[in-house]
Amino acid sequence: MIEKYRENKLDKMFQELSHNKLCAICGKVANAIHHIVGRANTYLRWDKQNSLPVCVPCHIKIHDGQVNVYNFISEDRIKYLENNRNVVFKPDDIFYKQKEKELR
């Protein structure tokens with residue numbers, strides 16, 4: 001139960017990363033954050049490197065396969081995400097606290 005609360009709190013904080021940002025695709029006001037590596041990956045789920053501020057129309061295009069987000073991020077970021085996308089672990093109290101600190 002506490003774990004789910006922490007996940008919901010971090011999800012909300014992650015979405016707030018779009019505030020005062022512009023869409024990385026079209027330059028309009030961003031009102032969403034796209035997870036470059038899907039949310040199912042707990043290790044990267046709340047990692048700022050795994051976020052891309054986008055507007056709703058561009059977010060839909062990404063999920064429809066019309067836009068490749070890798071065209072809008074640096075090679076170093078791509079390497080970081082690729083190196084960490086297969087990390088499997090069970091989050092603990094320290095992990096949740098660290099992610100909360102990073103997102104503040």
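1. Phe89 is partly exposed, with a relative accessible area of 30%. Phe89 also takes part in an aromatic pair with Phe95, and that pair is edge-to-face, with 4.9 Å from centre to centre and 70 degrees between the planes. Phe95 has a relative accessibility of 11% and counts as buried, because the cut-off for buried is under 20%. The coordinates discussed here and below belong to a predicted model.

2. The next point is the wider set of rings. A pair of aromatic rings is described by the distance of the centres and the angle of the planes. The count of aromatic pairs comes to 5. In one of them, Tyr43 and Phe89 have ring centres 5.3 Å apart and planes at 90 degrees; this angle is over 60, so the pair is edge-to-face. Tyr43 sits in the loop between strand S1 (32-35) and strand S2 (51-54), while Phe89 sits in the loop between helix H3 (75-84) and helix H4 (93-103), so the pair ties together parts that are 46 residues apart in sequence. Tyr43 is partly exposed, at a relative accessible area of 29%. Through ring pairs, Tyr43, Trp46, Phe89, Phe95 and Tyr96 are linked into a cluster.

3. Glu7 deserves a separate look. Which residues does Glu7 contact, leaving aside its neighbours within four places in sequence? They are Arg45, Trp46 and Tyr96. Two of these names, Trp46 and Tyr96, also appear in the ring cluster. Glu7 itself is part of helix H1. With a relative accessibility of 13%, Glu7 counts as buried, because this value is under 20%.

4. On the nonpolar interior, the largest core has 15 residues, and those touching the most other members are Ile36, Leu52, Val54, Ile73 and Leu81. Two or more residues of this core come from each of S2, helix H2 (56-63) and H3. Leu81 can serve as an example: not counting residues up to four places away in sequence, Leu81 touches Ile36, Val37, Leu44, Gln49, Asn50 and Ile73. A second core, separate from the largest one, has 9 residues, including Met13, Phe14, Leu17 and Tyr96. Tyr96 is therefore listed both in this second core and in the ring cluster.

5. As for the overall layout, the chain has 4 helices and 2 strands. Read from the N terminus, the order of elements is α-β-β-α-α-α. The radius of gyration is 14 Å, close to the 13 Å that the globule rule gives for 104 residues, so the chain is as compact as a globular protein of that length. The C-alpha trace spans about 40 × 25 × 20 Å along its principal axes.

6. Burial and contacts can be read for the chain as a whole. Of the 104 residues, 40% are buried. Among contacts between residues at least 6 apart in sequence, 65% join residues at least 24 apart. The chain exposes about 6,700 Å², and 52% of this is supplied by carbon and sulfur atoms.

7. The last point is confidence. Where in the chain is confidence lowest, and where is it highest? Confidence is lowest in helix H1 (residues 2-15), with a mean of 90, and highest in H3, at 98. For the chain, the mean pLDDT is 94, and 99% of the residues reach 70 or more. Where pLDDT is low, the predicted coordinates should not be read in detail.

Terms used
Residues are numbered from 1 along each chain as its sequence is written. This is a predicted model: local features need pLDDT of at least 70, side-chain atom pairs count only at pLDDT 80 or more; totals for chains, interfaces and linings use all residues. Side-chain values use heavy atoms; hydrogens and water are left out. Rings of Phe, Tyr and Trp (its six-membered ring) pair if their centres lie within 6.5 Å; planes under 30 degrees apart count as stacked, over 60 as edge-to-face and the rest as tilted. Buried means under 20% relative accessible area, exposed over 50%, partly exposed in between (1.4 Å probe, protein chains only). A nonpolar core is a set of buried Ala, Val, Leu, Ile, Met, Phe, Trp, Tyr and Cys residues joined through side-chain atoms within 4.5 Å. Contact means heavy atoms within 4.5 Å. pLDDT is the predictor's confidence in each residue, from 0 to 100. The radius of gyration is taken over C-alpha atoms; the globule rule is 2.2 Å times the number of residues to the power 0.38. Accessible areas come from the Shrake-Rupley method with a 1.4 Å probe; for residues, only the protein chains shown count as cover.
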